[in-house]
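Hi,

Here is the structure I promised to send over. Have a look at it first, and then read on for what turned up around the ligand and in the empty spaces.

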Amino acid sequence: LLPLGILMAIFTVSVVIWFSRRRLSPLGELKIAVEHKEFVLHYQPIVSLKTGACIGAEALVRWQRPDGSMTRPDLFIPLAEESGLIMQITDQVLDILVRELKPFLNANRDAHIAVNLSAQDIKSGRILPVLQQTLYGTGIDNHQIWLEATERGFMDVQAARSTIDIARTRGHAVAIDDFGTGYSSLSYLQGLPMDALKIDKSFVDTIGTDAATASVTTHIINIAKTLNLKIVAEGVETQAQADYLSARDVEYGQGWLFAKAMPANDFVAFYHKSRRQ
Ligand code: C2E
Ligand code: CA
Ligand code: CA
Ligand code: CA
């Protein structure tokens, strides 16, 4: 009789938890996810288009719900940004990255991991002490952590400049993400010294088509070269796209042609395998 009572109690508690979660608003659910640290990272390799060697990865966050299902970032990052929860998520992303890749980054000094920052991380400058504290004592060099920010992060140019200047002085490379998909792309580029530019997938997609936008891709490459920025092309899916980019001296590519985003262990294996070939 006693075991049955216990079973009933467990059942009741489970049902209550299930219902209470179900009744939560999306924001309520996300708050709990942040509290319970329900985020995981997948790493998408970035490779040299000339040699195929992997030079690092971009860390991409996923929300792993208690039932095991994975939610893509575009389904919760906007809400996280609106609500300010994104800053706690950024902190957790950096914690996970250090936990999973500390030995790898210590053993492979040339490898870097790119982290996505939100406008709020940059505008407030709060990302600077967070980076310092998270990396302190890990043996990871600042130059191994790249920072990716979209144009939204640069809207407040004064605030962005000071954060980016300090980050770069400390050795981090800063990349402009999704370049060309927002507006006022060119004006802020002049005033903000950066290290790299990521060509958005929407432009890479046009390569090999006759669409007028295909020439925009070439222009973006030229802008990056004029400004002395390293270029990473994202969303490379075909060999024809890789060849086109490589022929225009784009150094790095990221996309399903090379690899999808994967757990840390798989990424480390991919990194070494790509460099033995
Ligand atoms: P993004 O920074 O532009 O990241 C690239 C996205 O394109 C990733 O989707 C990646 O999986 C996908 N992708 C890469 N190569 C290919 C390809 O060849 N084909 C196709 N169809 N897709 C490809 P994901 O992981 O769903 O991320 C979506 C967006 O979520 C990211 O876009 C980024 O803006 C945001 N995000 C991801 N992780 C974080 C994070 O830790 N913090 C913040 N603030 N935002 C993040
Ligand atoms: Ca990115
Ligand atoms: Ca991107
Ligand atoms: Ca993109």
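Which helices and strands each supply at least two residues of the shell around ligand 1? They are β2 (54-64), α4 (86-107) and β6 (173-179). Before you go further, keep in mind that this is a predicted model.

**The ligand**

The shell around ligand 1 is made up of 21 residues, and Gln-44, Val-61, Arg-62, Glu-237 and Trp-256 are the closest of them. β2 is the top contributor, with four residues in that shell. If you sort the shell by class, you get eight nonpolar, five polar and eight charged residues.

A few polar atom pairs are worth pulling up in your viewer:

- Glu-237 has a polar side-chain atom 2.5 Å from a nitrogen atom of ligand 1.
- Trp-256 comes in through its backbone, with an N or O atom 2.8 Å from an oxygen atom of the ligand.
- Glu-234 places a polar side-chain atom 3.2 Å from an oxygen atom of ligand 1.

As for how covered the ligand is: on its own, ligand 1 exposes 800 Å², and the protein buries 84% of that.

**The pocket**

Where does ligand 1 sit? You'll find it in the largest pocket, which has a volume of about 1000 Å³. The lining of this pocket runs to 35 residues, with Glu-58, Leu-60, Pro-73, Asp-74 and Asn-116 nearest the centre. By class, that lining splits into 14 nonpolar, eight polar and 13 charged residues.

Several elements help to build the pocket wall. β1 (39-48), β2, α3 (77-83), α4, β4 (112-117) and β6 each put at least two residues into the lining. β2 again gives the most, here with five residues.

**The cavity**

How many cavities of 30 Å³ or more does a search of the whole structure find? The answer is one, and its volume is about 70 Å³. Its lining consists of Leu-117, Ile-122, Ile-127, Leu-128, Leu-131, Leu-147, Ala-149, Phe-154, Thr-163, Ile-164, Ala-167 and Val-174. Among the helices and strands, α6 (127-135), β5 (145-149) and α7 (157-169) are the ones that give two or more residues to this lining.

What classes of residue line the largest cavity? Eleven are nonpolar, one is polar and none is charged. For the pocket lining, by comparison, the charged count is 13.

If you only have a minute, start with ligand 1 in the largest pocket and the Glu-237 pair at 2.5 Å, then move on to the cavity.

Cheers

How values were computed. Residues numbered from 1 in each chain as written. Chains lettered and ligands numbered in written order. Predicted model: local features only at pLDDT ≥ 70, side-chain atom pairs only at ≥ 80, totals over all residues. Heavy atoms only, no water. Near = heavy atom within 4 Å. Polar contact = N/O pair within 3.5 Å; in protein donor to acceptor, adjacent residues only side chain to side chain. Areas by Shrake-Rupley, 256 points an atom, 1.4 Å probe, with all protein chains shown as cover. 1 Å grid on protein atoms, 1.4 Å probe; cavity = no way out; pocket = protein on both sides within 12 Å on 5 of 7 lines; lining within 4 Å. Sits in = over half its atoms within 2 Å of the grid points. Nonpolar A, V, L, I, M, F, W, Y, C, P; charged D, E, K, R; others polar. Points joined across faces, edges and corners; volume = space filled by probe spheres on them.
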